[in-house]
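Here is a set of exercises to work through with the model open in your viewer. Try each task before you read its solution.

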Amino acid sequence: MVRIEDKSKCCGCSACQAVCPHDAISMKSDPLGFRYPAVDMARCTDCGLCERVCVFGQPPARTSPEAYAVRHIDQSEVLSSTSGSAFSAVTDHILMAGGVVYGAAFEDHFHVAHIRAEDRQARDRQRRSKYVQSDMKDIFRQVRSDLRNGRTVLFSGTPCQTAALKAFISEKLHDKLYLTDIVCHGVPSPAVWESYVSWQEKKEGAEADEVIFRDKDFGWRSSVESFVYAGRKVSSRSYSYLYYRNIMTRESCGVCPYADVSRPSDITIADYWRKDKTCPDFADDNRGCSLLLCNSNKGKELFDAVSDALHHEKVVLDECMQPNMEHPTKLHPARDAFARDFAEFGLEHVLRKYGDQGFRYKAESFFKGMYRA
């Protein structure tokens, strides 16, 4: 049976829960909201399926992906996405062919969870980056059911999620399964995120109607999260500041086996940051450009099928590398202390002690401003 004695060895993918024929495994949250399997010994028959489906820690087979800089030809699609809207082009093709798309979305007041989409309206909820580990619920079983019913499925997620789904789905059902991952920088705490939403709403005295993690009104290169209240926008960098410090990141992200150019998915999508140097034909208008990797023959066939919807240019992978395509995220040395402080004292305390709300941060910002002046 599955036993988690070292948290860094569990990515929270939920494959063990989904594969258990006796429903003996449930996913329980720790104080940061990260989910780990818990076994009901009264139901467990020690069949070993949960151990066999767990592939975290096993690097994917070596591949030589083809790399492209891409941007949707429809500018409105680009503006509605975090980067160059490659995800919209790929998923539009799947939906128009009668397929199903799975990806992370907001539900239940900005709780991040994977959802199933059969139309563009539901798919549009999956667009834009969400810097929170998503709740997988029973998504793996839903994907399997769709595949058994002859549906084409595209699943989008972090590489550990796609690797887990690939292991969970039997080989005979793989033909109609397309896997798309992102170049992941580590998944942040769901509990911190939901506390942050409550904190922002309390300050404004209203419930938010919309949240945008990287608001393009500040430019594609910005890291500003915005909350919209009845058309009024309030923006901040407090959550992003914690995220980019890697201080509220899941422990397993520090040893991620998928932080490599060899990916477990058919297609990988990321920001393409170096288009000004390697793709001079792409206008550097600060509105977004995607890096797309074709990691398998299926991935290349899917890209070829949607290429008419994209401005695209083949690029040399070595010239557009990102840190998390070369090594795992380095966790902040105070990560464990942050987790303890958050559990005991709450969000405002950690924002002051580790974030951008404390005296130290404000003093450092003041002196940096003086130095630049």
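**Exercise 1. Classify Cys 320 and Cys 47 as buried, partly exposed or exposed, and find out how many disulfides the structure holds.**

*Solution.* Keep in mind that this is a predicted model.
- Start with Cys 320: its relative accessible area is 5%. Buried means under 20%, so Cys 320 is buried.
- Next, Cys 47 has a relative accessible area of 38%. That value makes Cys 47 partly exposed.
- Now look for a partner for Cys 47. The closest cysteine sulfur belongs to Cys 20, and at 6.1 Å it is too far for a bond. The cut-off for a disulfide is a sulfur pair within 2.5 Å.
- Finally, take the structure as a whole: it holds zero disulfides.

**Exercise 2. Work out how helix 4 (residues 86-96) sits in the structure, and describe what comes just before and just after it.**

*Solution.*
- List the buried residues of the helix: Ala 86, Phe 87, Ser 88, Ala 89, Val 90, Thr 91, Asp 92, Ile 94 and Leu 95.
- That is nine of the eleven residues, so helix 4 is largely enclosed by the rest of the structure.
- Step back to Ser 85, in the loop between helix 3 (75-79) and helix 4. Its phi is near 65°, a positive value in a residue other than glycine. Ser 85 also counts as buried, at 4% relative accessibility.
- Then go past the other end: just after helix 4, Gly 98 has a positive phi of about 85°.

**Exercise 3. Decide how the buried residues of helix 6 (residues 139-148) are arranged, and name what they pack against.**

*Solution.*
- Pick out the buried positions, which are Ile 139, Phe 140, Val 143, Asp 146 and Leu 147.
- Look down the helix axis: these buried residues fall within an arc of 125°, so they line one face of helix 6.
- Follow that face outward. Its packing partners are helix 1 (15-19), helix 7, and strands 4, 5 (111-117), 6 and 7.
- Check the residue after the helix: Gly 150 takes a positive phi of about 85° just after helix 6.
- For another positive phi, turn to Asp 46, which has about 55° although it is not a glycine. Asp 46 lies in the loop between strand 2 (35-39) and helix 2 (49-53).

**Exercise 4. Describe the largest pocket and the second largest pocket by volume and lining.**

*Solution.*
- Begin with the largest pocket, which holds about 840 Å³ of space. Of its 41 lining residues, Arg 128, Ser 129, Lys 130, Tyr 131 and Ile 182 lie nearest the centre.
- Trace where that lining comes from: the elements that each supply at least two residues include helix 4, strand 4 (100-107), strand 7 (177-182) and helix 9 (238-244).
- Sort the lining of the largest pocket by class, and you get 15 nonpolar, 21 polar and five charged residues.
- Move to the second largest pocket, with about 380 Å³ of space. It is lined by 21 residues, and those closest to its centre are Lys 166, Leu 179, Arg 263, Pro 264 and Ser 265.
- Helix 7 gives the most to the lining of this second largest pocket, with three residues. By class, the same lining has ten nonpolar, six polar and five charged residues.

**Exercise 5. Find how many cavities of 30 Å³ or more the structure has, then describe the largest and the second largest.**

*Solution.*
- A search of the whole structure gives five such cavities.
- The largest cavity contains about 140 Å³ of space. Its lining has 16 residues, with Cys 160, Cys 184, Gly 186, Cys 253 and Cys 256 nearest the centre. By class, nine of them are nonpolar, six polar and one charged.
- The second largest cavity contains about 110 Å³. Fifteen residues line it, and Cys 10, Cys 13, Cys 16, Pro 37 and Cys 54 lie nearest its centre. Here the classes are twelve nonpolar, two polar and one charged.

**Exercise 6. Place Ser 252 in the structure and list its contacts beyond its sequence neighbours.**

*Solution.*
- Locate Ser 252 in the loop between helix 9 and strand 11.
- With a relative accessible area of 2%, Ser 252 is buried.
- Set aside neighbours within four places in sequence, and Ser 252 is in contact with Lys 7, Ser 8, Cys 10, Cys 11 and Phe 56.

Note on methods. Residues numbered from 1 in each chain as written. Predicted model: local features only at pLDDT ≥ 70, side-chain atom pairs only at ≥ 80, totals over all residues. Heavy atoms only, no water. Buried < 20%, exposed > 50% of the residue type's maximum accessible area, 1.4 Å probe, protein only. Helix = DSSP H or I, 4+ residues; strand = E, 2+ residues; numbered from the N terminus. 1 Å grid on protein atoms, 1.4 Å probe; cavity = no way out; pocket = protein on both sides within 12 Å on 5 of 7 lines; lining within 4 Å. Points joined across faces, edges and corners; volume = space filled by probe spheres on them. Nonpolar A, V, L, I, M, F, W, Y, C, P; charged D, E, K, R; others polar. Contact = heavy atoms within 4.5 Å. Arc of directions from axis to C-beta.
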